[in-house]
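Here is a short report on one protein chain. It moves from the whole fold to a trio of strands and then to two single residues.

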Amino acid sequence: MMVVTASWPGGRFGERVDGMDQFPLGRASFDPHPAAAERLWRHVIELLEDERRQVAQRDVSAPVDVRELRDAVGAYGFDRPAEPEAVIEDVAELLRATTVHTTHPRYFGLFNPTPTLLGVVGETLAAAFNPQLAAWSHAPAAVEIEAHLLRFLGGRLGYPQEAVAGSFTSGGAEANMTAVLLALTRTWPEYGEKGLMALDGRPVMYASAESHLAWLKIAHACGIGRDAVRLVPAGPDLRMDTAALADRVAADRANGDRPFLVVATAGTTAAGVIDPLHALADLCREQGMRLHVDAAYGGAAVLSDRLRPALSGIERADSVTVDAHKWMSVPMGAGAFLCADAEGLAETFRVTTSYMPAEIPDTVDPYTSGQQWSRRFMGLKLFLSLAVAGRDGYAEQLERDADLADALRAGLAAAGWDIVNDTPLPVVCFADPGAATWEHHDALARKVVQSGRAWISPVDLSGRAALRACVISHRTAPADVDELVRAVGEARKAS
């Protein structure tokens with residue numbers, strides 16, 4: 001990669017020199033003349049539009065030489081200014097050459113979406129206006145837009161809209177950590193001031209062995225320790241085994257531990273399955289425990305009347321996590337924590353300082369209901385996307401993804417693969433009946449990925465090796481599904 005150093009001919013800032021609008025460098029580049037800024041924006045827009053048109057013709061991913069990549073990035077020593085268009089082109093080329101293109105129609109990978117155009121616009125507006133969402137008084141419109149979104153999402157989940165409380169977060173991990181902090185605070189009011197030493201036993205929580213293991217990091221950070229996370233076995237259907245959970249809770253109580261929280265997953269990362277929400281809610285009510293639903297991926301299904309019944313029971317949870325940057329197709333990161341307990345959230349994040357603006361009646365300062373203090377306007381990209389598409393537009397897209405996944409299942413089954421998960425969500429796990437080993441399936445996934453034709457991953461489902469494909473890009477079409485079936489078939493023949 002060549003670093004192009006600018007040679008600004010001089011003259012007054014932003015002045016036309018030699019018939020061109022020169023882009024100022026150094027400190028002057030912070031706020032250039034409108035003509036120079038407009039030229040740069042035009043260049044960026046053309047670059048982004050070219051990327052949108054060309055991405056489907058590229059390989060989904062390509063091998064990366066670590067040394068070459070570090071040398072290319074390290075060529076920028078920041079000791080002298082460079083032409084902005086040259087820097088932007090360099091970075092764009094690095095991203096094209098080294099990124100797993102989650103915006104590609106044949107990216108069938110993790111829950112990383114192709115972002116909506118309005119989501120990208122929302123990120124740009126949020127960066128340009130740069131509202132500070134700690135205090136309502138600093139960003140009234142931004143705070144109210146996010147609050148409106150939370151009430152809308154909470155209402156679709158089944159909470160009374162007027163009671164919905166919560167916050168936008170950096171992602172599901174932060175939202176799920178909020179759930180644990182709220183549960184600890186509500187179960188033991190003394191926890192907030194005196195910590196775990198004030199409790200009369202060790203708090204323990206429960207999640208499926210198929211859940212996202214961010215719970216271990218969360219337990220570490222909250223002070224209850226990783227051993228406090230009980231990973232409950234899943235049944236043959238890959239859903240949490242409610243009977244095994246009840247047995248573990250009883251054993252922990254007999255040991256002197258203090259069960260306080262059960263986490264259900266609505267759309268597991270590996271297989272997209274939904275834990276038995278009603279059964280878990282019943283058990284939590286009987287045992288005096290709280291229920292949180294990690295619906296970071298599957299929660300988007302509430303936007304579709306057709307898919308919403310798959311999440312029946314989620315309305316009984318004390319709290320829910322939803323990530324808009326997964327199946328709602330907005331740019332990273334936009335998680336959300338939702339509950340109907342504004343008082344509990346306020347107690348969990350209670351703090352008073354002299355330097356923060358005074359509270360304004362009938363408003364909530366976001367820093368008092370979430371872990372973050374200073375933060376960006378994360379909700380705008382979802383607001384714009386929902387406002388322009390409407391809920392019906394989102395429902396149409398989600399249902400289309402589900403239909404494409406059904407077509408993928410049918411194509412794979414016809415080609416002799418075993419479908420090994422059962423979910424209404426568009427996550428398809430399939431295995432080669434002729435060779436059950438992890439090594440075989442891992443090698444198949446690597447062959448497909450290295451071909452550049454598609455991106456899939458190997459997965460371990462309660463000890464069974466399989467391949468995993470998720471329809472997550474709104475650009476995916478039936479032809480892309482057919483191409484994936486061909487690609488895995490050819491990889492199997494070559495193995």
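Residues 24 or more positions apart supply 71% of the contacts in the protein chain that have a separation of 6 or more. Contact here means heavy atoms within 4.5 Å. This is a predicted model: local features need pLDDT of at least 70, side-chain atom pairs count only at pLDDT 80 or more, and totals for chains, interfaces and linings use all residues. Residues are numbered from 1 along each chain as its sequence is written, and side-chain values use heavy atoms, with hydrogens and water left out.

**Whole chain**

The protein chain has 14 helices and 13 strands. These are DSSP runs, numbered from the N terminus: helices (H or I) have at least four residues, strands (E) at least two. The radius of gyration is 25 Å, close to the 23 Å that the globule rule gives for 495 residues, so the chain is as compact as a globular protein of that length. That radius is taken over C-alpha atoms, and the rule is 2.2 Å times the number of residues to the power 0.38. The C-alpha trace spans about 85 × 70 × 45 Å along its principal axes. Of the 495 residues, 50% count as buried. Buried means under 20% relative accessible area, exposed over 50%, and partly exposed in between (1.4 Å probe, protein chains only).

**Strand E6 and its partners**

Strand E6 covers residues 258-265, and 7 of its 8 residues are buried. Two strands pair if DSSP finds at least two bridges between them. The table gives the pairings of E6.

| Partner of E6 | Bridges | Direction | Residue pair |
|---|---|---|---|
| E4 (residues 203-208) | 5 bridges | parallel | Ala207 and Val263 |
| E7 (residues 290-294) | 5 bridges | parallel | Leu291 and Val262 |

From E6 the chain crosses through helix H10 (residues 277-287) to E7, in a right-handed β-α-β crossover. Right-handed means that, with the strands pointing away from the viewer, the path from the first strand over the helix to the second runs clockwise.

**Ser208**

Ser208 sits in strand E4. It counts as buried because its relative accessibility is 0%. Beyond its neighbours within four places in sequence, Ser208 contacts residues including Val263 and Asp275. A polar atom of its side chain lies 2.9 Å from the backbone nitrogen of Glu210.

**Lys326**

Which UniProt annotation covers Lys326? The unreviewed entry gives "modified residue: N6-(pyridoxal phosphate)lysine" for Lys326. Such annotations may be inferred rather than shown by experiment. Lys326 lies in the loop between strand E8 (319-323) and strand E9 (335-339). At 17% relative accessibility, Lys326 counts as buried. Leaving aside neighbours within four places in sequence, Lys326 is in contact with Phe111, Pro113, Ala296, Tyr297 and Ile472.

Methods:
A polar contact is a pair of N or O atoms within 3.5 Å; within protein, one must be able to donate a hydrogen and the other to accept it, and residues adjacent in sequence count only if both atoms are side-chain atoms.
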